Amino acid sequence: MIILKNTRKIIAAITLFLVFPSLQAQSTSVEMADLFREQGKIYVVIAVMLVLFAALITYLFVVDRKVKKLEDKVDELDRE
Amino acid sequence: MLNVKGVWWKILGILLVGYTIVAGLLGEVPRLPILNETIRNLYFHVTMWFVMLILFTMSVVSSVAHLSTGKIIWDIRANIAVQVGMVAASIGILTGMLWANFTWGAPWVNDPKLNGAAVSFLGYAAYLVLRSSIDDDQKRGRISGVYNIFAFVMMIVFIQILPRLTDSLHPGNGGNPAFSSYDLDSNMRTVFYPAVIGWFLLGYWLYSLQVRMRKIELKISNRVWK
(Lines give C-alpha, C1' and ligand atoms only; values in the text may rest on other atoms or scores of the structure.)
Protein backbone atom coordinates (compact mmCIF):
# COMPACT_ATOMS: atom_id res chain seq x y z
CA MET A 1 0.00 0.00 0.00
CA ILE A 2 2.77 2.40 0.92
CA ILE A 3 4.52 1.71 -2.34
CA LEU A 4 1.27 2.23 -4.22
CA LYS A 5 0.70 5.57 -2.46
CA ASN A 6 4.20 6.65 -3.30
CA THR A 7 3.85 5.65 -6.93
CA ARG A 8 0.68 7.68 -7.14
CA LYS A 9 2.47 10.67 -5.68
CA ILE A 10 5.35 10.21 -8.06
CA ILE A 11 3.03 9.91 -11.03
CA ALA A 12 1.15 13.00 -9.91
CA ALA A 13 4.39 14.92 -9.50
CA ILE A 14 5.62 13.84 -12.91
CA THR A 15 2.38 14.79 -14.60
CA LEU A 16 2.43 18.13 -12.84
CA PHE A 17 5.96 18.79 -14.04
CA LEU A 18 5.08 17.67 -17.53
CA VAL A 19 1.81 19.51 -17.83
CA PHE A 20 2.55 22.82 -16.14
CA PRO A 21 5.64 23.87 -18.08
CA SER A 22 3.86 23.02 -21.30
CA LEU A 23 0.85 25.06 -20.23
CA GLN A 24 3.12 27.95 -19.38
CA ALA A 25 4.97 27.55 -22.63
CA GLN A 26 1.69 27.62 -24.52
CA SER A 27 0.74 31.02 -23.18
CA THR A 28 4.10 32.64 -23.87
CA SER A 29 5.34 30.72 -26.90
CA VAL A 30 3.63 33.13 -29.28
CA GLU A 31 6.41 35.41 -30.37
CA MET A 32 5.80 39.07 -29.81
CA ALA A 33 8.14 42.03 -29.90
CA ASP A 34 8.55 42.03 -26.14
CA LEU A 35 12.30 42.57 -26.07
CA PHE A 36 12.06 45.31 -28.65
CA ARG A 37 9.47 47.03 -26.51
CA GLU A 38 11.57 46.59 -23.36
CA GLN A 39 14.48 48.35 -25.00
CA GLY A 40 12.18 51.23 -25.70
CA LYS A 41 13.29 51.78 -29.27
CA ILE A 42 9.72 51.46 -30.56
CA TYR A 43 9.16 55.06 -29.47
CA VAL A 44 11.66 56.15 -32.08
CA VAL A 45 9.60 54.50 -34.80
CA ILE A 46 6.43 56.11 -33.50
CA ALA A 47 8.16 59.50 -33.42
CA VAL A 48 9.29 59.06 -37.03
CA MET A 49 5.79 58.08 -38.12
CA LEU A 50 4.28 61.06 -36.32
CA VAL A 51 6.74 63.45 -37.99
CA LEU A 52 5.84 61.97 -41.36
CA PHE A 53 2.14 62.26 -40.62
CA ALA A 54 2.54 65.84 -39.35
CA ALA A 55 4.40 66.84 -42.50
CA LEU A 56 1.67 65.43 -44.74
CA ILE A 57 -1.05 67.13 -42.69
CA THR A 58 0.80 70.46 -42.79
CA TYR A 59 0.97 70.22 -46.55
CA LEU A 60 -2.74 69.39 -46.62
CA PHE A 61 -3.43 72.60 -44.66
CA VAL A 62 -1.36 74.57 -47.16
CA VAL A 63 -3.40 73.16 -50.05
CA ASP A 64 -6.60 73.85 -48.11
CA ARG A 65 -5.62 77.50 -47.69
CA LYS A 66 -4.79 77.81 -51.37
CA VAL A 67 -8.21 76.48 -52.32
CA LYS A 68 -9.80 78.94 -49.87
CA LYS A 69 -7.97 81.82 -51.58
CA LEU A 70 -9.18 80.66 -54.98
CA GLU A 71 -12.74 80.45 -53.67
CA ASP A 72 -12.51 84.00 -52.34
CA LYS A 73 -11.13 85.23 -55.63
CA VAL A 74 -13.92 83.62 -57.62
CA ASP A 75 -16.53 85.07 -55.25
CA GLU A 76 -14.96 88.48 -55.63
CA LEU A 77 -15.11 88.26 -59.42
CA ASP A 78 -18.68 87.04 -59.12
CA ARG A 79 -19.71 90.18 -57.21
CA GLU A 80 -18.15 92.56 -59.71
CA MET B 1 -3.90 81.41 -40.26
CA LEU B 2 -6.83 79.06 -40.01
CA ASN B 3 -10.47 79.87 -39.75
CA VAL B 4 -11.64 78.06 -36.65
CA LYS B 5 -15.10 77.59 -38.06
CA GLY B 6 -15.24 74.41 -40.09
CA VAL B 7 -11.79 73.26 -39.07
CA TRP B 8 -12.68 71.28 -35.93
CA TRP B 9 -13.38 68.01 -37.75
CA LYS B 10 -10.04 68.20 -39.52
CA ILE B 11 -8.29 68.62 -36.15
CA LEU B 12 -10.37 65.74 -34.76
CA GLY B 13 -9.32 63.51 -37.65
CA ILE B 14 -5.65 64.39 -37.14
CA LEU B 15 -5.85 63.72 -33.39
CA LEU B 16 -7.63 60.40 -33.88
CA VAL B 17 -5.15 59.14 -36.47
CA GLY B 18 -2.23 60.38 -34.37
CA TYR B 19 -3.67 58.49 -31.40
CA THR B 20 -4.01 55.40 -33.59
CA ILE B 21 -0.36 55.51 -34.60
CA VAL B 22 0.76 55.71 -30.96
CA ALA B 23 -1.77 53.36 -29.37
CA GLY B 24 -1.70 51.02 -32.36
CA LEU B 25 1.98 50.31 -31.86
CA LEU B 26 2.17 50.46 -28.08
CA GLY B 27 -1.18 49.08 -26.94
CA GLU B 28 -1.84 45.57 -25.71
CA VAL B 29 -2.83 43.09 -28.40
CA PRO B 30 -3.88 39.45 -28.11
CA ARG B 31 -1.03 36.97 -28.50
CA LEU B 32 -1.97 34.80 -31.45
CA PRO B 33 0.17 32.31 -33.32
CA ILE B 34 1.05 33.06 -36.97
CA LEU B 35 -0.30 36.61 -36.65
CA ASN B 36 2.11 37.66 -33.88
CA GLU B 37 2.59 41.42 -33.94
CA THR B 38 1.06 41.74 -37.39
CA ILE B 39 -2.36 41.78 -35.73
CA ARG B 40 -1.69 45.51 -35.39
CA ASN B 41 -2.24 45.74 -39.14
CA LEU B 42 -5.92 45.53 -38.30
CA TYR B 43 -5.75 49.18 -37.19
CA PHE B 44 -4.45 50.23 -40.58
CA HIS B 45 -5.38 47.68 -43.26
CA VAL B 46 -8.99 46.96 -42.23
CA THR B 47 -9.52 50.67 -41.58
CA MET B 48 -8.87 51.46 -45.23
CA TRP B 49 -11.68 49.12 -46.30
CA PHE B 50 -14.09 50.65 -43.79
CA VAL B 51 -13.25 54.12 -45.10
CA MET B 52 -13.76 52.89 -48.66
CA LEU B 53 -17.17 51.47 -47.73
CA ILE B 54 -18.28 54.78 -46.18
CA LEU B 55 -17.04 56.80 -49.17
CA PHE B 56 -18.70 54.48 -51.70
CA THR B 57 -21.94 54.73 -49.72
CA MET B 58 -21.63 58.52 -49.84
CA SER B 59 -21.06 58.21 -53.57
CA VAL B 60 -24.14 56.11 -54.27
CA VAL B 61 -26.29 58.49 -52.19
CA SER B 62 -24.88 61.40 -54.21
CA SER B 63 -25.65 59.56 -57.44
CA VAL B 64 -29.25 58.99 -56.36
CA ALA B 65 -29.45 62.69 -55.44
CA HIS B 66 -28.14 63.59 -58.89
CA LEU B 67 -30.59 61.31 -60.65
CA SER B 68 -33.52 62.81 -58.74
CA THR B 69 -32.50 66.49 -58.89
CA GLY B 70 -30.35 66.65 -62.04
CA LYS B 71 -27.87 68.94 -60.29
CA ILE B 72 -24.32 68.61 -61.65
CA ILE B 73 -22.74 69.14 -58.23
CA TRP B 74 -24.18 65.84 -56.98
CA ASP B 75 -22.58 64.00 -59.89
CA ILE B 76 -19.26 65.67 -59.05
CA ARG B 77 -19.63 64.65 -55.39
CA ALA B 78 -20.34 61.05 -56.44
CA ASN B 79 -17.31 61.02 -58.69
CA ILE B 80 -14.92 62.38 -56.09
CA ALA B 81 -16.20 60.09 -53.34
CA VAL B 82 -15.36 57.18 -55.67
CA GLN B 83 -11.94 58.65 -56.41
CA VAL B 84 -11.00 58.96 -52.74
CA GLY B 85 -12.59 55.57 -52.03
CA MET B 86 -10.41 54.05 -54.75
CA VAL B 87 -7.33 55.50 -53.07
CA ALA B 88 -8.39 53.78 -49.85
CA ALA B 89 -9.12 50.55 -51.73
CA SER B 90 -5.72 50.61 -53.44
CA ILE B 91 -4.01 51.02 -50.08
CA GLY B 92 -6.25 48.25 -48.72
CA ILE B 93 -5.24 45.84 -51.48
CA LEU B 94 -1.52 46.66 -51.26
CA THR B 95 -1.37 46.41 -47.46
CA GLY B 96 -3.47 43.25 -47.59
CA MET B 97 -1.05 41.64 -50.04
CA LEU B 98 1.87 42.55 -47.83
CA TRP B 99 0.13 41.16 -44.77
CA ALA B 100 -1.02 37.99 -46.53
CA ASN B 101 2.50 37.32 -47.78
CA PHE B 102 3.71 36.90 -44.21
CA THR B 103 0.70 35.22 -42.63
CA TRP B 104 -0.98 33.21 -45.40
CA GLY B 105 2.25 32.51 -47.28
CA ALA B 106 1.46 34.31 -50.53
CA PRO B 107 0.49 37.84 -51.54
CA TRP B 108 -2.61 36.59 -53.33
CA VAL B 109 -4.48 33.46 -52.30
CA ASN B 110 -7.61 32.13 -53.95
CA ASP B 111 -9.91 33.60 -51.34
CA PRO B 112 -13.45 34.80 -52.13
CA LYS B 113 -12.93 38.04 -50.22
CA LEU B 114 -9.76 38.86 -52.17
CA ASN B 115 -11.24 38.05 -55.54
CA GLY B 116 -14.42 39.89 -54.63
CA ALA B 117 -12.40 42.95 -53.69
CA ALA B 118 -10.53 42.74 -56.99
CA VAL B 119 -13.77 42.48 -58.99
CA SER B 120 -15.30 45.45 -57.13
CA PHE B 121 -12.11 47.43 -57.64
CA LEU B 122 -12.32 46.83 -61.38
CA GLY B 123 -16.03 47.68 -61.30
CA TYR B 124 -15.30 51.09 -59.82
CA ALA B 125 -12.35 51.60 -62.17
CA ALA B 126 -14.85 51.03 -64.99
CA TYR B 127 -17.08 53.71 -63.40
CA LEU B 128 -14.24 56.24 -63.55
CA VAL B 129 -13.43 55.33 -67.16
CA LEU B 130 -17.11 55.42 -68.17
CA ARG B 131 -17.66 58.79 -66.55
CA SER B 132 -14.60 60.36 -68.13
CA SER B 133 -15.57 59.12 -71.58
CA ILE B 134 -18.80 61.16 -71.81
CA ASP B 135 -18.56 64.86 -72.67
CA ASP B 136 -22.12 66.07 -72.13
CA ASP B 137 -22.66 67.03 -68.47
CA GLN B 138 -26.22 65.80 -68.05
CA LYS B 139 -25.67 62.59 -69.98
CA ARG B 140 -22.48 61.88 -68.06
CA GLY B 141 -24.24 62.40 -64.76
CA ARG B 142 -27.16 60.15 -65.60
CA ILE B 143 -25.25 57.26 -67.17
CA SER B 144 -22.48 57.18 -64.57
CA GLY B 145 -25.05 57.66 -61.80
CA VAL B 146 -27.01 54.60 -62.88
CA TYR B 147 -23.80 52.61 -63.28
CA ASN B 148 -22.65 53.72 -59.83
CA ILE B 149 -25.74 52.19 -58.22
CA PHE B 150 -25.01 48.94 -60.06
CA ALA B 151 -21.33 49.02 -59.01
CA PHE B 152 -22.28 49.65 -55.39
CA VAL B 153 -24.69 46.70 -55.27
CA MET B 154 -22.08 44.43 -56.89
CA MET B 155 -19.46 45.63 -54.40
CA ILE B 156 -21.72 44.82 -51.44
CA VAL B 157 -22.47 41.39 -52.90
CA PHE B 158 -18.83 40.59 -53.69
CA ILE B 159 -17.25 41.93 -50.51
CA GLN B 160 -19.92 41.60 -47.85
CA ILE B 161 -22.26 38.78 -48.87
CA LEU B 162 -20.50 36.12 -51.00
CA PRO B 163 -17.43 35.71 -48.74
CA ARG B 164 -19.77 35.08 -45.81
CA LEU B 165 -21.53 32.28 -47.65
CA THR B 166 -18.38 30.35 -48.55
CA ASP B 167 -15.12 29.64 -46.81
CA SER B 168 -12.77 32.52 -46.50
CA LEU B 169 -9.52 33.09 -44.71
CA HIS B 170 -10.79 36.47 -43.62
CA PRO B 171 -12.25 36.60 -40.13
CA GLY B 172 -16.01 36.96 -40.09
CA ASN B 173 -16.48 34.88 -43.22
CA GLY B 174 -17.45 31.27 -43.78
CA GLY B 175 -18.23 30.65 -40.14
CA ASN B 176 -15.14 32.37 -38.80
CA PRO B 177 -15.99 34.65 -35.94
CA ALA B 178 -15.37 38.29 -36.78
CA PHE B 179 -14.84 41.07 -34.32
CA SER B 180 -16.78 39.34 -31.60
CA SER B 181 -14.41 36.87 -30.00
CA TYR B 182 -10.68 36.39 -30.32
CA ASP B 183 -10.16 38.72 -33.18
CA LEU B 184 -10.93 42.07 -31.72
CA ASP B 185 -10.86 42.22 -27.97
CA SER B 186 -12.13 45.28 -26.14
CA ASN B 187 -8.59 46.66 -26.01
CA MET B 188 -8.32 46.64 -29.77
CA ARG B 189 -11.73 48.20 -30.22
CA THR B 190 -10.54 51.33 -28.41
CA VAL B 191 -7.99 51.80 -31.17
CA PHE B 192 -9.82 50.38 -34.18
CA TYR B 193 -13.00 52.48 -34.06
CA PRO B 194 -11.16 55.79 -33.51
CA ALA B 195 -8.93 54.76 -36.43
CA VAL B 196 -11.95 54.31 -38.71
CA ILE B 197 -13.43 57.69 -37.71
CA GLY B 198 -10.05 59.46 -37.94
CA TRP B 199 -9.13 58.09 -41.36
CA PHE B 200 -12.63 58.75 -42.65
CA LEU B 201 -12.37 62.40 -41.56
CA LEU B 202 -9.02 62.70 -43.35
CA GLY B 203 -10.54 61.04 -46.42
CA TYR B 204 -13.47 63.44 -46.23
CA TRP B 205 -10.97 66.29 -46.08
CA LEU B 206 -9.38 65.16 -49.35
CA TYR B 207 -12.87 64.74 -50.80
CA SER B 208 -13.94 68.24 -49.72
CA LEU B 209 -10.80 69.81 -51.20
CA GLN B 210 -11.51 68.21 -54.56
CA VAL B 211 -15.19 69.17 -54.46
CA ARG B 212 -14.29 72.80 -53.68
CA MET B 213 -11.83 72.89 -56.56
CA ARG B 214 -14.43 71.45 -58.92
CA LYS B 215 -16.93 74.08 -57.76
CA ILE B 216 -14.42 76.80 -58.63
CA GLU B 217 -13.91 75.13 -61.99
CA LEU B 218 -17.68 75.05 -62.57
CA LYS B 219 -18.04 78.75 -61.71
CA ILE B 220 -15.21 79.69 -64.05
CA SER B 221 -16.60 77.65 -66.93
CA ASN B 222 -20.14 78.97 -66.37
CA ARG B 223 -19.16 82.60 -66.61
CA VAL B 224 -16.09 83.87 -68.33
CA TRP B 225 -14.66 86.97 -66.67
CA LYS B 226 -12.93 89.41 -68.91
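I take contact to mean heavy atoms within 4.5 Å. The model I am examining is predicted.

**Entry: the contact of chains A and B**

I looked up which residues meet across the two chains, and found 31 from chain B and 27 from chain A. I then looked up the buried area: the two chains bury about 2800 Å² between them, and 73% of this lies on carbon and sulfur atoms.

For charged pairs, I found 4 salt bridges between chain B and chain A. I noted the one that joins D64(A) to K10(B), where the closest N and O atoms are 2.7 Å apart. I also recorded 5 residue pairs in polar contact between the chains, both residues being at pLDDT 80 or more.

Next I asked which elements of chain B give two or more residues to the side that touches chain A; these are α1 (8-26) and α6 (186-222). I sorted the residues of that side of chain B by kind and obtained 22 nonpolar, 2 polar and 7 charged.

**Entry: the cavity**

I searched the whole structure for cavities of 30 Å³ or more and found 1. For the largest cavity I noted a space of about 40 Å³.

I then looked up the lining of the largest cavity, and residues of chain B appear there, including W49(B), M52(B), F56(B), S120(B), F121(B) and I159(B). I traced the lining to its elements: α2 (45-69), α3 (72-103), α4 (112-132) and α5 (137-165) of chain B each supply at least two residues. I sorted the lining as well, and it divides into 9 nonpolar residues, 1 polar and no charged.

Terms used: Residues are numbered from 1 along each chain as its sequence is written. Chains are lettered from A and ligands numbered from 1 in the order in which they are written. This is a predicted model: local features need pLDDT of at least 70, side-chain atom pairs count only at pLDDT 80 or more; totals for chains, interfaces and linings use all residues. Side-chain values use heavy atoms; hydrogens and water are left out. Buried area is the accessible area (1.4 Å probe) that two parts lose on being put together, summed over both. A salt bridge is a side-chain nitrogen of Lys or Arg within 4 Å of a carboxyl oxygen of Asp or Glu. A polar contact is a pair of N or O atoms within 3.5 Å; within protein, one must be able to donate a hydrogen and the other to accept it, and residues adjacent in sequence count only if both atoms are side-chain atoms. Helices (H or I, at least four residues) and strands (E, at least two) are DSSP runs, numbered from the N terminus. Ala, Val, Leu, Ile, Met, Phe, Trp, Tyr, Cys and Pro count as nonpolar, Asp, Glu, Lys and Arg as charged, and the others, Gly among them, as polar. On a 1 Å grid over the protein atoms alone, a cavity is a set of points where a 1.4 Å probe fits but cannot get out, and a pocket is an open set with protein on both sides within 12 Å along at least five of seven lines; lining residues have an atom within 4 Å of a point. Grid points are joined across faces, edges and corners, and a volume is the space filled by probe spheres set on the points.
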